[in-house]
Amino acid sequence: MNPKAVLLLTLAIYALACRTTHMSATPGATFGSPTDSTWNAAFESKIEALRLRYHIPGLSAGVVYQGTLVWKKGFGYADVTNKVAPDEHTVYQIASLTKTFGSIILMQQVEAGKISLDDPIQKYGIRLGGRWGSDTSIKIKHLLTHTAMGTTWNGFKPGYSFRYNGDWYGQLGKAIEKASGQTFGELLVTHIIRPLQMQYTAPSLNDSVDFALMGYDRAAFAARVAKPYDWQHGQLVPIRRFKYGFSPAAGIMSCVSDLALYSDAIDRGDFLDSATWKKVFTPFVSPRGKVFQYGLGWFVTYYKGVKLIWHTGWWTGYSALLVKIPEKHLTFIILANSQDLSRPFYHIAQPIPGFGFYKPFHKNLNNNPLASDFGKAFIQQVAGL
């Protein structure tokens, strides 16, 4: 090939590379315009296709950019029978997203000097049952980071392995109450919900005492809640008899618009000192130096060198996902009235009866938010990663 042809070919390849790079970066680069149909239409189409693929009756979703809810959308039905469409104010059980609120309340007690993360659980009357009981080697930090259980390989020593356990995380409520003299519900309402004016957020309707703290009309609030469903044996089944408890591990009811306020408050550094927030979003490290994917109440990982912070929710009839990308000032919030915003993206062992725990395997939503097709769509199509 002659030199002129080589030069022309080189320039053509360079031009194509630049065009490809520009196109792949477009969603993140042009994100500041919430009316930009280039990413809106494609993203909405993707979310709707995923909703149908996973048989989810209804979704409410939103994207927060630089503190503002710049995109919000309801998909499907909050009530299938009556064909009620959801929106950003539709209320869902957010399940384990509650753990992020629990972390804030607990860390406020730590900052006040009322709790130490190195306190043994025994100090607060916490008993975990089985071989663990009130073992003095199990500290508050181990419950907070899901590292309390251990395995047969390390003699069930705490701090050496990550084994997600929502029931044990919920026991942190005992430490919060004993240290502060107030219940988790009382602190949640006075320190987070009311200051942020989260109008559609409350403890579970099934916890009459804590729900009453909000002073809401029960029937009026219940009317805002998306009906729960499950996909069983090839058909959508309404959930009619299930009680949703309330603790630092699960049980908050909320919506996209309120969680956008919550996300913005976190980005501003509200609730906790900056040094404490840094600890919250730092992965826990074992005594042997192994870095886990969980900090103090949040999952944390890196993708293409960019920090991703997230939490999931999964309960009978409901599921949730919240993903934060601090470097890009972006947050994705999506809530569903079935389990299948979360369930398909976990590869788990069956829980041991009476303990309610499981150990994640392979790459799943407890390791990587891109394991979720919904999370992946946001991270790649909107954030441009």
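This briefing covers salt bridges, a buried glutamate, aromatic contacts and one enclosed helix. The model is predicted. The structure holds 27 aromatic pairs, and the count of salt bridges comes to nine. Glutamate 88 is buried yet has no salt bridge, and helix α7 is largely enclosed by the rest of the structure.

**Glutamate 88**

- Glutamate 88 is found in the loop that runs between β2 (68–76) and β3 (92–93).
- The nearest side chain of opposite charge belongs to lysine 72, 4.6 Å away; a salt bridge has to be within 4 Å, so glutamate 88 and lysine 72 do not form one.
- A polar contact of 3.5 Å joins the side chain of glutamate 88 to the side chain of histidine 89.
- With neighbours within four places in sequence left aside, the contacts of glutamate 88 are Lys72, Cys255, Val256 and Ser257.

**Salt bridges**

- Aspartate 267 and lysine 324 form a salt bridge in which the closest N and O atoms are 3.0 Å apart. Aspartate 267 belongs to helix α10 and lysine 324 to strand β10 (residues 318–325), so this pair ties together parts 57 residues apart in sequence.
- Within that pair, lysine 324 is buried at 3% relative accessibility, whereas aspartate 267 is partly exposed at 44%.
- Aspartate 119 pairs with lysine 123 in a salt bridge, with 3.5 Å between the closest N and O atoms. Aspartate 119 is buried, at 10% relative accessible area, while lysine 123 is partly exposed at 44%.
- Arginine 268 and aspartate 270 meet through their side chains in a salt bridge of 2.5 Å, N to O. Arginine 268 is partly exposed at 48% relative accessibility, and aspartate 270 is partly exposed at 25%.
- Asp230, Asp340 and Arg343 are joined into one network by salt bridges that share partners.

**Aromatic pairs and cluster**

- One of the 27 aromatic pairs is formed by tryptophan 277 and phenylalanine 281. Their ring centres are 5.4 Å apart and their planes at 15°, so the pair is stacked.
- Tryptophan 277 counts as buried at 7% relative accessibility, and phenylalanine 281 counts as buried at 12%.
- Phenylalanine 345 and phenylalanine 374 form an edge-to-face pair, with 6.2 Å from centre to centre and 80° between the planes.
- This edge-to-face pair links distant parts of the chain, 29 residues apart: phenylalanine 345 is in the loop between β11 (330–336) and α12 (373–382), and phenylalanine 374 is in helix α12. Both phenylalanine 345 and phenylalanine 374 are buried.
- One aromatic cluster is made up of Phe43, Trp71, Phe75, Phe332 and Phe378.

**Charges over rings**

- The charged end of arginine 131 is placed over the ring of phenylalanine 156, 3.8 Å from the ring centre.
- Lysine 83 lies over the face of tyrosine 77, 5.6 Å from the centre of the ring.

**Helix α7**

- Helix α7 (residues 184–193) has seven of its ten residues buried, so the rest of the structure largely encloses the helix.
- The buried residues of α7 are Phe184, Gly185, Leu187, Leu188, Val189, Ile192 and Ile193.
- These buried residues pack against helices and strands: α3 (98–111), α6 (172–180), β4 (202–203), α8 (208–211), β7 (252–254) and α10 (256–268).

Methods: Residues are numbered from 1 along each chain as its sequence is written. This is a predicted model: local features need pLDDT of at least 70, side-chain atom pairs count only at pLDDT 80 or more; totals for chains, interfaces and linings use all residues. Side-chain values use heavy atoms; hydrogens and water are left out. Helices (H or I, at least four residues) and strands (E, at least two) are DSSP runs, numbered from the N terminus. Buried means under 20% relative accessible area, exposed over 50%, partly exposed in between (1.4 Å probe, protein chains only). Lys and Arg count as positive and Asp and Glu as negative; His and the chain ends are not counted. A polar contact is a pair of N or O atoms within 3.5 Å; within protein, one must be able to donate a hydrogen and the other to accept it, and residues adjacent in sequence count only if both atoms are side-chain atoms. Contact means heavy atoms within 4.5 Å. Rings of Phe, Tyr and Trp (its six-membered ring) pair if their centres lie within 6.5 Å; planes under 30 degrees apart count as stacked, over 60 as edge-to-face and the rest as tilted. A charge sits over a ring if NZ of Lys or CZ of Arg is within 6 Å of the ring centre and within 35 degrees of the ring normal.
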